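Got your viewer open? Load the chain below, switch to cartoon view, and follow along stop by stop.

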Amino acid sequence: MAEENLQEHTDKFDVGIKDQFGDLIANSPNPANPNPRNNSDCPKPKPKMSTVEDLPPPVSVSLETPTVTRPPKRFASTLGPYYQFITTDLNKMLWIGSALIFCEISFDQPKIEFFCEPKVDYNYEILYENLFNMRIYRINISIELRDGEGDDKICWKINWGNYSTDGLFHIARYHQKWRGGFFSCNGFDSTVPEQIQSDLKHGNVWEHLNSVHDETPLHILLWGGDQNYIDFIFEDIPYLQDWVNMEWNKKWTSDFHNDLKEQVEEYHFNSYIQNWERKEVKNALASIPSLMMWDDHDIFDGAGSYPPLLHDSPMMTGLFKTAQKFRLLFQHHTTLEKAREHGLFGYQGYNLLAHCGPDLVIIGTDGRTERNIETVQHVETWNMIFEKLENHVINIKHLIVVFPVPFSFVRFKLAASIFHRLKNLPNKYRNIPIVKQTNSVFGLPELYDDLLDEWTHEAHIDERNRALSRFQELANRKRIRITFFSGDVHCCGVSRFQTRLKHNLKPINDSKLMYQIISSAIVNIPPPRKFLRVAHYFRTKWHPIENTEEQLIDFFQRLPEDGRKLLHKKLLPNRNWCYFEICEETNPSVYKIIKTTFCYGFCQSKQRFTPAIELGPTSTSDGHGGTQPPIHQHSHKHACKETKEAGQEEIGTQTLKIRLWLESSEEHKEGRRFVSYELLIPNLV
C-alpha cells in the first residue's frame, strides 16, 4: 500500500523527480508535500492501524547531574521561575519582563511577591491549562525605572502551596550603564563521545559565569542559539531510530503521525525542563533576566539547510513545527497564538527588539524559521527589521545584533563545493561505504548543512551583503555603532568591517566600523586546535561591498593556558562566554601602536590605528570570579615592543567593552582556570 501511495504521489510530477536508479532526487520537490507554505507546514497524515512503540525507561547519563536522563524525564511537580527581559519603556519609565512558572494541574496557582524599592506591577497569564499534566503561567512584570545611576535589587518569593522559593535579580536604573553576558551552544551534540562529555562537564563555564554575576551583577543574559540540544531524539525515540534507517524513498515520504507527534512533543518538553533545571542553568534563569534566539540544534542539526526533498518532507516539517512550539514556550514565554501579541515580529519568523535603557538596543534575528537553501530571512522580514530600527533607534549609542550564525567568518569554498557535489550524487553512490561514513542521520554529507548554514556561503553571501549595506546606511544616518554577536561555530574570535583605504579616518568617526563577536561554546566540545590553525591559512581579509574591508582580526595575543605568545591569533578553540558593558572610557579608537624597529643603529617608528585590544583579568584558581591579574602585562617601556600614545581628545566616549572569558584547557602555573581578552568599541561620532 505504501508503494502505491508513493507511486500515486510521484506520478503527479515530472520524471526528473527520480534518478536513473528510481531514487527520489534530493533537489526535487517532495511528492508528499510539494508546495509547503512554511517550514512548519506538515501535511495531514494518512490513517494507519498500528501505534508507535513506547519510549524506553529513562536512564541517568550524567554523574555530574543524576537527574539528566535519556530519554529525558520530568522529576518535579513545580518549575521555575525563569525570568525574561523584554524591554525598557523610556516614555513610561518602566522595566518590562516576564517570569515563566509551571505546576501540576492539581495545584493551586502559585503566589509570587516582590520586595524592592521601585514599584512593581504584575499579572498572571495562563499559556497552557494542561500540557503534559502541567499548567503553565506567564507572569507579566512591569517595574518602575528609577532615575539616577546604580542598580535596583528586585527580591522575589514564590509560595507553591507546601513550600516556597526565593531569590533576586538586578535591574539598571535609567542612567546606569548596562552589564550583560552572551553565550551559545549549551549542550553536547550526539557526535561527542560520553567520556569527553564527562571530562568537560556541563557546568564548568556556567559556574564561572554565575560567579562573575555574583561579583558584578548582570542586567541581561543573551542566549545565542543551541540552547537545548535535541540531537539525541533520533536515538531515543524508537520510531525515529527506525526512520533514520528507512529506505530512501519511504523515509522522505513517511508521515508524521499524531502518536509520534505526541512522543516528540513530550520529548521536547522534558528535554527543556531537564536543561533549565540543571543547577547552574536554573541559578542563572532565576537571577539574570534573559533574551534568547534559537539555532539549528534547538530543532535538529542543520534545520533549514537541506534540499527540498528533505526540507519539505512530512517528518522534517513535523519536527520543525514541534520545535517551534516549545522554543516559543521556553525561550520566549509565549505560544504560536500569542507570539505577535507578546512583541515577536517577522514575516513568518519570530524576531525581537529590546531597549536597554537610553544607550543600547538589542535586536535578535530568527535565522531558522524562514531558512531554506537559498534564503536565511525573507525580504519582508528584513524590511520589518529595518522599519523597527528606523522607528525605535533614536539617539542610541550602540546597537547589538544577535545573529546565531556569524555574520562574518572564514570562507570554506573548496570544502563547500566538495560536499555540494557529494549531496548531488545519486543516492546509490552516497551509500558506498567510504562515502556513507561522512553522512549524517539524514543520509547527506555530515558537514554539508554546517557549511550551508554560514552567512558567508555563496548561497547566502548576497543576502548578507544587502543586509550589510543597509546596516551601514543606518549607522551613518543615525550615528549608531553596530556590533554583531554570534555563536554556532564552537570557537571564539573577532571579525571587523571598516571603511577601506582611508588610513586617516579615526575609528570613532567610521560608520562602517562594525565588529563581529564570536562566542561559542559554553558547553559543547571545541574543534581540534589543529583545525583552527589550518583556518588561519585560508583567506581572512575580503572586500565584500563597495568601500568596505572585512577581516578576521588578530585578537588573541597570548595563550590562555600559559601566557606564551601566540602564532595563530584569530581563532581559539577554548570553551567560552562573553561579558559586555557600556562604559565611559578614554576613547579607545585613537590609540596608536608605536612599532619601533632597530636598523643600523637608527630608530624608526610607525604609527597606525589598531583595535583597542587588551589582556583582561583572570579567575581564581578554583575557576571563580574575575578580579585576578592578566596572564601577561606589557611594561610599555622602551624594551617593550608595544607602546601606546594617547591624547587629551580621547576623553568621554560611550564605549562598548567586550570581554571574552576563555576556559583554560590546562591549568597554568598560577592555577587560573579562566582568562579574559578585552576589546573596546567606541561609539560613533
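**The whole chain**

Start zoomed out: the chain has 17 helices and 28 strands, where helices (H or I, at least four residues) and strands (E, at least two) are DSSP runs numbered from the N terminus. This is a predicted model, so local features need pLDDT of at least 70 and side-chain atom pairs count only at pLDDT 80 or more, while totals for chains, interfaces and linings use all residues. Residues are numbered from 1 along each chain as its sequence is written, and side-chain values use heavy atoms, with hydrogens and water left out.

Colour by burial next: 59% of the 685 residues are buried, meaning under 20% relative accessible area (1.4 Å probe, protein chains only).

**Stop one: an open sheet**

Select strands 5, 8 and 9, which form an open antiparallel sheet in the order 5-8-9; two strands pair if DSSP finds at least two bridges between them. At the edges sit strand 5 (111-115) and strand 9 (164-172), each pairing on one side only. Strand 5 and strand 8 (residues 151-159) are joined by five bridges. Zoom in on Glu113, whose bridge partner in strand 8 is Lys157.

**Stop two: strand 11**

Now jump to residues 220-223. Which residues cover the two faces of strand 11? Ile220 and Leu222 are buried on one side, Leu221 and Trp223 on the other. In a regular strand, side chains alternate between the two faces of the sheet.

Add the neighbours: strand 10 (residues 179-183) pairs parallel with strand 11 over four bridges, and strand 12 (residues 290-292) runs parallel to strand 11 with three. Finish on Leu221: Gly181 stands opposite Leu221, and Ser290 is the bridge partner of Leu221 in strand 12.

How values were computed: Buried < 20%, exposed > 50% of the residue type's maximum accessible area, 1.4 Å probe, protein only.
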